[in-house]
Amino acid sequence: MKKLLSVSFIILFPYSIVLLIYSLFHTTLMKYLFHNNIYIGIFYICIFWLISFINAILFCIKNITYKKNALELAKINMTIKLIQIPAYLFLFIIGIACMFTIFTFAISFILLALDCASIFLSGLIGVSAVKQNYTDSILSIKQAIFYSILQFIFCIDVICSVVLFKKSKTANTLKNTFEKQ
């Protein structure tokens, strides 16, 4: 749980985008959170992303420097990506709905850019987990490169994080079994 708190900004970033979109349809939220100005909301999103980016970089540096447990990092990566699924689904549905009219077409591209910014953050955490699994000889160099690239591709990143967690768990179980004998 303590580890998830250290990446809470990364987890919450796509939900901050959802909050901004939700506030567009509820004037009370827009009034009190963003003073009825969408640019203030976008500014807040940018600041939140910057804080999340710094958080991701520090998390990666700490894990590479101190060589954390590969299973624990794979679990954190998988948890982040699974928690973010509802936000991505909401943003995808809104993005598709905005593609239907010429007046809201640009909103779809803005949402895509924000989604890419979000997946970049969680992808950094994923690369950290892949690197540690490579260091612990759970993954080969080819697998590590492949898994690292997949951390930045929508939908596939979730599947990849689950597979990485399963591999880490299997390797950890085998290691514990051999140590007991």
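**Group meeting: a walk through an all-helix model**

Helix H6 makes the biggest contribution to the lining of the largest pocket, giving seven residues. I'm starting there, and I'll come back to that pocket in a moment. Before going further, please keep in mind that this is a predicted model.

Let me give you the overall picture. The protein has nine helices and zero strands, so to speak a plain α-α-α-α-α-α-α-α-α from the N terminus on. Its C-alpha atoms fill a box of roughly 65 × 30 × 20 Å along the principal axes. There are 181 residues, and 38% of them count as buried. If you take contacts between residues at least 6 apart in sequence, 74% of those join residues at least 24 apart. For the accessible surface, the computed figure is about 10700 Å², with 75% belonging to carbon and sulfur atoms.

Now, back to the pocket. What is its volume? The largest pocket holds about 490 Å³ of space. It is lined by 19 residues, and those closest to its centre are Tyr88, Phe92, Asp115, Phe154 and Cys155. Three elements give two or more residues to this lining: helix H6 (85-98), helix H7 (105-135) and H9.

One of those central residues deserves a second look. Cys155 is found in the loop between H8 and H9, and its phi is near 70°, a positive value in a residue other than glycine. Is Cys155 buried or exposed? With 60% relative accessibility, Cys155 counts as exposed, because the cut-off for that class is over 50%.

There is another residue with a backbone of this kind. Asn36 is not a glycine either, yet has a positive phi of about 55°. You'll find Asn36 in the loop between helix H3 (27-34) and helix H4 (38-66). Asn36 is exposed too, at a relative accessible area of 54%.

Let's move on to charges. How many salt bridges does a search of the whole structure find? The search finds one. In that salt bridge the side chains of Asp157 and Lys81 meet, at 3.2 Å from N to O. Asp157 sits in helix H9 and Lys81 in helix H5 (residues 70-83), so the pair ties together parts that are 76 residues apart in sequence. For those of you thinking about the surroundings of this pair, both Asp157 and Lys81 are buried.

Staying with helix H9, which spans residues 156-180, let me point you to Ser168. Ser168 has a relative accessible area of 1%, so this serine is buried. Which residues is Ser168 in contact with, leaving aside neighbours within four places in sequence? They are Ala70, Leu71, Ala74, Asn133 and Ile138.

Last stop, the surface. Tyr134, Ile141, Ile145, Ile149, Ile153 and Ile156 make a nonpolar surface patch of about 530 Å². Helix H8 (residues 141-150) gives the most to this patch, with three residues. Take Ile145, which is found in helix H8. At 48% relative accessibility, Ile145 counts as partly exposed, because exposed would need over 50%.

To recap, the model has nine helices, a largest pocket of about 490 Å³, and one salt bridge, between Asp157 and Lys81. Thanks, everyone, and I'm happy to rotate the model if you'd like to see any of these places again.

Conventions
Residues numbered from 1 in each chain as written. Predicted model: local features only at pLDDT ≥ 70, side-chain atom pairs only at ≥ 80, totals over all residues. Heavy atoms only, no water. Helix = DSSP H or I, 4+ residues; strand = E, 2+ residues; numbered from the N terminus. Buried < 20%, exposed > 50% of the residue type's maximum accessible area, 1.4 Å probe, protein only. Contact = heavy atoms within 4.5 Å. Patch = residues over 30% accessible without salt bridge, like charges linked within 9 Å, V, L, I, M, F, W, Y side chains within 5 Å. Areas by Shrake-Rupley, 256 points an atom, 1.4 Å probe, with all protein chains shown as cover. Salt bridge = Lys/Arg side-chain N within 4 Å of Asp/Glu carboxyl O. 1 Å grid on protein atoms, 1.4 Å probe; cavity = no way out; pocket = protein on both sides within 12 Å on 5 of 7 lines; lining within 4 Å. Points joined across faces, edges and corners; volume = space filled by probe spheres on them.
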